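Work through the exercises below with the model open beside you. Try each task before reading its solution.

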Amino acid sequence: VELARVNMAAVLETVLGPAQALAREMRVQLEVRAPRQPQWAWADATLARQALLGALSATLLARPQRVEVTWGGTKAERFLMMACEPHLPNDGSAEARAREGRLRAVEELVRAQGGRLDIILEESELAAVRLAFRRQESRRVLLIDDNERLLRLFERYLSAEGFAVTAVTDASQALGSIGDEPPDAIVLDVMMRDTDGWQLLQRLRSDTALAEVPIVVCSVLHEPELARVLGAQAYLKKPVSQRQLLAALQEVLGGSNREEPPSGGR
């Protein structure tokens, strides 16, 4: 299986229509608590879609009163939890065996993507089904600009492509936000009201902790040569489109905004 970066929240959206129809037929209340932000993971979109729908079907066909779907995660994983109320009997009955058969098929789909299916029991009853996928780490970008409207725009541009974004409006915030973990790239405006962006560029470049962090200068000025002399790796003249911003970051980050995908299933 060839894995790619997949927004699992978007995959879930594609199966909610059939799942809601099945829930109505089974007279089960299906409640989905979907996050606003993307849930990036390494997966195969087609297999992931079938796995999510299969797990939902298996729980809904057992006819609990309610199924609640939530997202969660750890540093290494993204997971989708399907909790049943009341809990489902796990007594070896024909219904329980049929559910187990459906979930075994789902488990094969998830394992083929390097993921895992967990059956969560409470007092020997099935409380929840959890599908875990390997998390895709996002590259971290620090945006520095005193135009808050533009910051929000750039943040939307980058978040939609899976970048983890920190947006700040002044130099003290910029330096303070870096802390012990430098970003993977910095996008800096040099025309700010209360800060000399050129001086800030020099300060950032002279900081030993940031020596390897690429800086993209973004300004209404046309000074690409000066920006590069002072240590920037790329220059963008405003206004800047999403395509231009992404292209500049991909250039300075080595052509990709993420690490290479792992090999397929375990």
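Two strands pair if DSSP finds at least two bridges between them. The model used here is predicted.

**Exercise 1. The open sheet**

Task: State the strand order of the open sheet of 5 strands, and find its edge strands.

Solution.
- Step 1. Follow the pairings across the sheet. The order is β9-β8-β10-β11-β12, and the pairing is parallel.
- Step 2. Look for strands that pair on one side only. These edge strands are β9 (164-168) and β12.
- Step 3. Check the twist. Neighbouring strands are turned by 20 degrees against each other on average, direction ignored.
- Step 4. Zoom in on one pair. β8 and β9 run parallel and are joined by 5 bridges. In this pair, valine 141 stands opposite valine 165 in β9.

**Exercise 2. A hairpin and its turn**

Task: Describe how β6 and β7 are joined, and examine the turn.

Solution.
- Step 1. Get the direction. β6 and β7 run antiparallel, with 7 bridges between them.
- Step 2. Pick a facing pair. Leucine 121 stands opposite leucine 126 in β7.
- Step 3. Go to the turn. The two strands form a hairpin with 2 residues between them. Glutamate 123 in the turn has a positive phi of about 55 degrees.
- Step 4. Move to serine 124, in the loop between β6 and β7. Serine 124 is not a glycine, yet its phi is positive, about 70 degrees.
- Step 5. Classify its exposure. Exposed means over 50% relative accessible area. Serine 124 has 57%, so it counts as exposed.
- Step 6. Add the salt bridge across this hairpin. Aspartate 118 pairs with arginine 130, with the closest N and O atoms 3.1 Å apart. Aspartate 118 lies in strand β6 (residues 116-122) and arginine 130 in strand β7 (residues 125-134), 12 residues apart.
- Step 7. Compare the partners. The cut-off for buried is under 20%. Aspartate 118, at 15%, is therefore buried. Arginine 130, at 21%, is partly exposed.

**Exercise 3. Salt bridges**

Task: How many salt bridges does the structure hold, and which residues does the network of shared partners join?

Solution.
- Step 1. Recall the principle. Side chains of opposite charge can pair when their charged atoms come close.
- Step 2. Take the total. The structure holds 13 salt bridges.
- Step 3. Examine glutamate 85 and arginine 66. Their side chains meet at 3.1 Å, N to O. The pair links strand β5 (residues 77-88) with strand β4 (residues 66-73), and its members are 19 residues apart.
- Step 4. Check exposure. Glutamate 85 is partly exposed at 39%. Arginine 66 is buried at 15%.
- Step 5. Examine aspartate 145 and lysine 238. Their salt bridge spans 2.8 Å, N to O. The partners are 93 residues apart, each in a loop: aspartate 145 between β8 (140-144) and α4 (148-159), lysine 238 between β12 (234-237) and α8 (242-252). Both are buried.
- Step 6. Trace shared partners. Glu31, Arg33, Arg66, Glu68 and Glu85 form one network.

**Exercise 4. Cis peptide bonds**

Task: Locate the cis peptide bonds that involve proline 86 and proline 239.

Solution.
- Step 1. Start at proline 86, in strand β5. A cis bond joins glutamate 85 to proline 86, with omega about -10 degrees.
- Step 2. Go on to proline 239, in the loop between β12 and α8. A cis bond joins lysine 238 to proline 239, with omega about 0 degrees.
- Step 3. Link back to Exercise 3. Glutamate 85 also bridges to arginine 66, and lysine 238 to aspartate 145.

**Exercise 5. Cavity and pocket**

Task: Which elements supply the largest share of the lining of the largest cavity and of the second largest pocket?

Solution.
- Step 1. Size the cavity. Its volume is about 40 Å³. The search finds 1 cavity of 30 Å³ or more.
- Step 2. Assign its lining. The largest share, 3 residues, comes from α4. β8, α4 and β10 (185-188) each supply at least two residues.
- Step 3. Sort by character. The cavity lining has 8 nonpolar, no polar and 2 charged residues. Asp145 is among the lining residues.
- Step 4. Turn to the second largest pocket, of about 170 Å³. Helix α3 (residues 94-111) gives the largest share of its lining, 5 residues.
- Step 5. Sort again. This pocket lining has 7 nonpolar, 1 polar and 4 charged residues.

How values were computed. Residues numbered from 1 in each chain as written. Predicted model: local features only at pLDDT ≥ 70, side-chain atom pairs only at ≥ 80, totals over all residues. Heavy atoms only, no water. Salt bridge = Lys/Arg side-chain N within 4 Å of Asp/Glu carboxyl O. Helix = DSSP H or I, 4+ residues; strand = E, 2+ residues; numbered from the N terminus. Buried < 20%, exposed > 50% of the residue type's maximum accessible area, 1.4 Å probe, protein only. 1 Å grid on protein atoms, 1.4 Å probe; cavity = no way out; pocket = protein on both sides within 12 Å on 5 of 7 lines; lining within 4 Å. Points joined across faces, edges and corners; volume = space filled by probe spheres on them. Nonpolar A, V, L, I, M, F, W, Y, C, P; charged D, E, K, R; others polar. Axes fitted to C-alpha atoms, helices over the stretch in contact; angles between N-to-C directions.
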